[in-house]
Amino acid sequence: IAMFTARNKMYPNSKQTGLYHSRELAAFVSDQSHYSFKSAANLIGIGADNLIPVQSDERGRMMPEALEKEMIASLKAGKLPFFVAATAGTTLLGAFDDFESIGKITKKYDCHFHIDGSFGGSLILSKNQRYLFEGISSADSFAWNPHKLMNVPLVASVILFNEKNGLKGNLTKLNTDYIFHN
């Protein structure tokens, strides 16, 4: 949903005309990120080959300098960076990326900054672990699955956007006035 929203924000006309006459888009995720980002790249029409894996360090954290290097390489190849996903708790190592540094890079390149907190997002509620989320305020979106780590018995997923009406505005501007009323 976050990547789809970012695509529609970058190319608002894509909902009507598609991506055929648009500059090729590039999205960036840690090489430790969840496989669902490849599915998302496929579903939104940019193709899994345009999902660029960014090198992580020995602790499983995305390396901000490697991110910027990959973004520069994609620009040189004629692609337009539009989306970066950092991770709050990787599946394998439980690693938390450096949100503050990654946020600065996404701002510099005008990309949507998403944080995947599906696994470790619940730690934001812990006073002792909240430091792991330094820099989260620069994120455009945050995904969280309370059923992981919180013993919630049903699947529960949340996606939050920093921009008021960002999700609604990027997903529904398709002549749907008959559905939404004041």
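The largest pocket of this predicted model encloses about 550 Å³ of space, where a pocket is an open set of points on a 1 Å grid over the protein atoms alone, with a 1.4 Å probe fitting at each point and protein on both sides within 12 Å along at least five of seven lines. The volume is the space filled by probe spheres set on the points, which are joined across faces, edges and corners. Lining residues, those with an atom within 4 Å of a point, number 26 here, and Ser36, Phe37, Asp116, Ser118 and Ala143 are the closest to the centre of the largest pocket. Two or more residues of this lining come from each of helix H1 (2-10), helix H3 (36-43), strand S3 (80-87), strand S4 (112-117), strand S5 (141-144) and strand S6 (158-161); helices (H or I, at least four residues) and strands (E, at least two) are DSSP runs numbered from the N terminus. H3 gives the largest share, three residues.

The second largest pocket has 19 lining residues, with Lys9, Asp110, Cys111, His112 and Asp140 nearest its centre. At least two residues each are supplied by H1, helix H5 (99-108), S4 and helix H6 (166-172), and the largest share, four residues, is that of H1.

| Pocket | Volume | Nonpolar lining residues | Polar lining residues | Charged lining residues |
|---|---|---|---|---|
| Largest | about 550 Å³ | eleven | 13 | two |
| Second largest | about 420 Å³ | six | eight | five |

In these classes Ala, Val, Leu, Ile, Met, Phe, Trp, Tyr, Cys and Pro count as nonpolar, Asp, Glu, Lys and Arg as charged, and the others, Gly among them, as polar.

Asp110, one of the residues nearest the centre of the second largest pocket, is found in the loop between H5 and S4, and its phi is near 55 degrees, a positive value in a residue other than glycine. Asp110 counts as exposed (over 50% relative accessible area, 1.4 Å probe, protein chains only) because its relative accessible area is 62%.

Elsewhere, Phe119, Leu125, Leu149, Met150 and Val152 make a nonpolar surface patch of about 430 Å², a patch of this kind joining nonpolar side chains within 5 Å in residues with over 30% relative accessible area and no salt bridge, that is, no side-chain nitrogen of Lys or Arg within 4 Å of a carboxyl oxygen of Asp or Glu. Accessible areas come from the Shrake-Rupley method with a 1.4 Å probe. Leu149 lies in the loop between S5 and S6 and is likewise exposed, at 54% relative accessibility.

Residues are numbered from 1 along each chain as its sequence is written, and side-chain values use heavy atoms, with hydrogens and water left out. As the model is predicted, local features need pLDDT of at least 70 and side-chain atom pairs count only at pLDDT 80 or more, whereas totals for chains, interfaces and linings use all residues.

Notes. Patch = residues over 30% accessible without salt bridge, like charges linked within 9 Å, V, L, I, M, F, W, Y side chains within 5 Å. Buried < 20%, exposed > 50% of the residue type's maximum accessible area, 1.4 Å probe, protein only.
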